[in-house]
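Q: I'm new to this one, so could you take a close look at a single part with me? I'd like to go through the salt bridges.

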Amino acid sequence: MPEVYRRYGLPSGRVPYVCWNNWSSGPGRSLDLAAEDLSRHWLRGAGLMQ
């Protein structure tokens, strides 16, 4: 990893808020999604995609 950091720089540590929001505004749920479907699910939930 040191070579990767030298080449590309250190990560900022910033992530989309949606990843870490643990303040529930409703009942939780569990979804069995493939990794490639996760962003599509988030965008639909945010009303940004049909």
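Which residue forms a salt bridge with Arg6, and how far apart are the closest N and O atoms?

A: Happy to. Keep in mind that this is a predicted model. The partner you're after is Glu3: its salt bridge with Arg6 has the closest N and O atoms 3.3 Å apart. That fits within the 4 Å cut-off for calling something a salt bridge. Why can these two meet? Both sit in helix H1, which covers residues 2-8, and because they are three residues apart there, about one helical turn separates them. As for its surroundings, Arg6 is exposed, with a relative accessible area of 62%.

Arg6 and Glu3 have company, since the structure holds two salt bridges. For the other one, go to helix H3, residues 35-45, where Arg40 and Asp37 are three residues apart and so, again, about one helical turn separates them. Here the closest N and O atoms are 2.7 Å apart. Both partners count as partly exposed: Arg40 has 33% relative accessibility, and Asp37 has 30%.

In general, side chains of opposite charge can pair when their charged atoms come close.

How far can you trust the picture? Across the protein chain the mean pLDDT is 80, with 76% of residues reaching 70 or more. Among the chain's elements, H3, home of the Arg40 pair, has the highest mean pLDDT, at 89. Helix H2, residues 17-20, has the lowest, at 57. Where pLDDT is low, the predicted coordinates shouldn't be read in detail.

Note on methods. Residues are numbered from 1 along each chain as its sequence is written. Side-chain values use heavy atoms; hydrogens and water are left out. A salt bridge is a side-chain nitrogen of Lys or Arg within 4 Å of a carboxyl oxygen of Asp or Glu. Helices (H or I, at least four residues) and strands (E, at least two) are DSSP runs, numbered from the N terminus. Buried means under 20% relative accessible area, exposed over 50%, partly exposed in between (1.4 Å probe, protein chains only). pLDDT is the predictor's confidence in each residue, from 0 to 100.
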